[in-house]
Structures are given as structure tokens and as C-alpha cells.
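Subject: The structure, and some notes on it

Hi,

Here is the structure I promised to pass on. Please have it open while you read, and tell me if anything looks odd to you.

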Amino acid sequence: MDRRQLLTTAALIAAAPAVPLVTAAPAHAAPSPTLPSRAAIVSVLRRVADHWIGAHTDPGDNRWARATFFSGLTTLHRLTGEPRYLAYARRWAERHAYGLNGGVTTRHADNHNAGQAYLDLYEAEPEPAKITAIEDSLRRMVYTDRPQKNDDWWWDDALHMAMPPFARIGRLRGDTRFWDKLYSLHHHTKRVQGGPGLYAPSQGGLWYRDDRFLPGGILSPNGRPVLWSRGNGWVAAGHVKTLKTLPATAAHVPEYRDTLAQLVRALRPVQRADGFWNVNLADPAHLPGPETSGTAFFAYGTGYAVAAGLVDRATYLPVAARAWNGLVATAVHPDGFLGYVQNVGDRPESSQPVTYESTADFGVGAFLLAGTELAALAT
């Protein structure tokens, strides 16, 4: 059977008209709770990265989605030292003159996401011009452009897009004002936005995507809360990257650590038998099926939480391993194409249906981040 076509009984009836067919991956056994070898993980990462690069000779724009891919690719470069990955990322950044969508006056977190890859490229090959735009933009928010305004991060995705650049510029310049601003913005998102904030202690430490999903707002068709998988994945990844940057003695690090640990603990009981998480973490019947982007970010967050001692290794490493093994068995095609990625959106209903043929740049980036984190835990 061709892997891009699933025949139905109706399609076999000669008199019947042709109908659109849904593709699906082959069925797999429940994933192992043990990580494969480091070499095996790296092999899959290379296959997925190489497929994306081969299929996209144009490296793309500098908006948040493509920037997330390059964050994953530069992280894979640090792991493997593969010069092709650095060259592809450099070509992308140079095409945009290391600039930001919206220019240096932007306050929008999505536009700051490219700064993460620019900072990675600066660390690999230090040249001040690589980080001029991201530093200028963040410095304006800290010092000159309404520094008391802290409501810019009104959706939880923003934590991934902009927390890490604030943390990294602050560390690079030895200027804790960037870290103070980071916390003020984070605090507003967590505890003030929409009234109660987007953080949901009643849901075990998961997060609502934005105001519309707070209690009294949008519910699933079954009357359950909507806690979007990838939205929570953005939160997890933003905290991981921030904690990787900040010194342990920095103010608010204990809170960031606890926030990530709570999220990771809340994920464990709702992980699916196939290693994935549903698009709505609060309702398994709401558009059920495997979804790669949220699952990859959760593997990334759980792997880091294990490595950093935020959660018990014996309990949570199997969670990350099942997620990784499920992704590889179900979502990675033989040629390295990564499927089951819910495309751009803001809720479970976005970009449905999610199928074996659904992919996106940010999903590939999330997968590369997850694998590089788990490779460090493998033997």
C-alpha cells in the first residue's frame, strides 16, 4: 500500500465517485519507556533536519514559526558540530540582515523569537552585528519605551518567543535589568492577564492559551476546559531555555523551576498510551489523535526537568522516553518527513485534521530541541 493513500471500501467500488482519502501511519505497539542510544537519537535528528533542509532550499522568513525551526537547528549544530547546519542557519540570518520582523521598535514577542537563533549564531561565531537588532529592541522595552508597561505577553506562546532573549541579553551584558523586565512580563502573563492570569493552579499547573479560555469562557464540545497542548508546550520550552541561561542564584529562578516542574508533573497522568498528548490536555475526547508539536515540546521540557533534578528521574524519564519513542515510531516518515504536526493556530480546532502528512517548521524545531535534550540523557 502506498504510504500516502489509505484505501477505503467505497473507493474499491467501480461505480462510486472518487473521494478524498485520509492518510495514516502504520499502527505501532506501545512505545518503550526506555530511551534508545544517543547514537540512535542523533541519527533520527539528522534524518529529520536533513529532510527539512533538502526540501526547503529557500530558508524562509524571520517570523516566529521559521525562527523556532532555526532554534532547533542551531541546538542540533551544537550537539553534532555539523557545518551544514550552521551554514544553513547563517544563510537564513544573513538574508534578513539579522533583523527583526517589525523592526527594532517592535514589542511583540513573536518578532523577538528570531533573536534566539541570532544569539546562537553569535555564540558560534561572535560578531556584534548579529545581535544588534534583538538587543536594541529589548533594551528599548527595558529602558526607554514605556518600561512600566508589562502587558505585552497576553498569550502563553509569548513565553517561549521572548523569555529566552531577555535572559540571554541580560547575561551577555551583565545587566540584571533585563531579568527584572523578564519577570515583570512573566508575572503579568501568569497572574494578571485577563484577571486571574493564564496560569491555572486548579488544573495542576497547566496554562490557558489566552483570556478567551479562562473559566467562564470557551469550553470543549464536551463542556470541559480547553488547555491547548502546544500552548502549554510553548510555556515549557520558554522556561527550559530561560533556566538554561540564568545562573542558579538569579532572582526568580526558584519560581521558574517550580513552574516548569508543576507543568511536567501535570502532564504525566494525561499522556496517551502511544506516548503522545492530545491537542486538549483537559479533554481526551476533544479531537483525539497524535499531535507532534505539543508532544515534542513536552519531551523537551520533561527531559530538561529530569536532567536538572526538578522531578524524579525514575518516574519522569520513562515519560520522556515514551514520548520520544512514540514520535519516532508514529510521526517520523522513513525519509525524515515529520508528520502529525498541528499547523498554525491557537486552539485544538486549528488546522484540523492533523494527519501523518501534516508538518510545519516550528514542529520540526520542537522535535530537534526534544531530541538534543534527550540525547544528553541517553547512553
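Below are my notes on the pocket, the salt bridges, a covered helix and a few single residues.

Please keep in mind that this is a predicted model.

**The largest pocket**

I began with the largest pocket, which holds about 370 Å³ of space. Its lining is made up of 17 residues, and those closest to the centre are Thr75, Arg78, Lys241, Lys244 and Tyr300. Five elements give two or more residues each to this lining: helix 2 (64–80), helix 5 (114–124), helix 7 (158–173), helix 9 and helix 13 (361–375). Helix 2 contributes the most, with four residues. Sorted by class, the lining has seven charged, five polar and five nonpolar residues.

**Helix 5**

Helix 5 also deserves a look for its burial, since it is mostly covered, with nine of its eleven residues buried. The buried ones are Ala114, Gly115, Gln116, Ala117, Tyr118, Leu119, Asp120, Leu121 and Tyr122. What do they pack against? Their partners are helix 2, helix 3, helix 4 (109–112), helix 6, helix 7 and helix 9.

**Salt bridges**

There are 28 salt bridges in the structure. One of them joins the side chains of arginine 90 and glutamate 125, with an N to O distance of 2.9 Å. This pair links distant parts of the chain, 35 residues apart: arginine 90 belongs to helix 3 (residues 83–95), while glutamate 125 sits in the loop between helix 5 and helix 6 (132–144). Arginine 90 is partly exposed at 23% relative accessible area, and glutamate 125 is partly exposed too, at 26%.

Glutamate 125 has another salt bridge, to lysine 130, where the closest N and O atoms are 3.5 Å apart. Is lysine 130 buried or exposed? Its relative accessibility is 3%, so lysine 130 counts as buried.

A further salt bridge runs between arginine 191 and glutamate 255, and here the closest N and O atoms are 3.0 Å apart. Because arginine 191 lies in helix 8 (residues 177–192) and glutamate 255 in helix 10 (residues 253–267), the pair ties together parts that are 64 residues apart in sequence. Glutamate 255 is buried, with a relative accessible area of 17%. Arginine 191, at 37%, is partly exposed.

You may also like the network of salt bridges that links Arg107, Asp145, Arg146, Lys149, Asp151 and Asp152.

**More on arginine 191**

Leaving aside neighbours within four places in sequence, arginine 191 is in contact with Tyr183, Pro196, Gly197 and Glu255. With the last of these, the side chains of arginine 191 and glutamate 255 also make a polar contact, at 3.0 Å. How far is arginine 191 from arginine 90 in space? The two are 38 Å apart, C-alpha to C-alpha, and 101 residues apart in sequence.

**Threonine 292 and glycine 217**

Two other residues caught my eye. Threonine 292 is in helix 11 (residues 292–307). Its relative accessible area is 0%, so threonine 292 is buried. Not counting residues up to four places away in sequence, threonine 292 touches Phe276, Leu327, Ala331, Leu338, Gly339, Tyr340 and Val341. Where does its side chain find a polar partner? A polar atom of the threonine 292 side chain lies 2.7 Å from the backbone oxygen of glycine 339, and glycine 339 is also among the residues that threonine 292 touches.

Glycine 217, by contrast, is in a loop, the one between strand 2 (206–207) and helix 9 (229–245). Its relative accessibility is 31%, so glycine 217 counts as partly exposed. Glycine 217 and isoleucine 169 are 48 residues apart in sequence, and their C-alpha atoms are 37 Å apart in space.

That is everything I have for now. Do write back with any thoughts once you have had a look.

Best wishes

Key: Residues are numbered from 1 along each chain as its sequence is written. This is a predicted model: local features need pLDDT of at least 70, side-chain atom pairs count only at pLDDT 80 or more; totals for chains, interfaces and linings use all residues. Side-chain values use heavy atoms; hydrogens and water are left out. Buried means under 20% relative accessible area, exposed over 50%, partly exposed in between (1.4 Å probe, protein chains only). A polar contact is a pair of N or O atoms within 3.5 Å; within protein, one must be able to donate a hydrogen and the other to accept it, and residues adjacent in sequence count only if both atoms are side-chain atoms. Contact means heavy atoms within 4.5 Å. On a 1 Å grid over the protein atoms alone, a cavity is a set of points where a 1.4 Å probe fits but cannot get out, and a pocket is an open set with protein on both sides within 12 Å along at least five of seven lines; lining residues have an atom within 4 Å of a point. Grid points are joined across faces, edges and corners, and a volume is the space filled by probe spheres set on the points. Ala, Val, Leu, Ile, Met, Phe, Trp, Tyr, Cys and Pro count as nonpolar, Asp, Glu, Lys and Arg as charged, and the others, Gly among them, as polar. A salt bridge is a side-chain nitrogen of Lys or Arg within 4 Å of a carboxyl oxygen of Asp or Glu.
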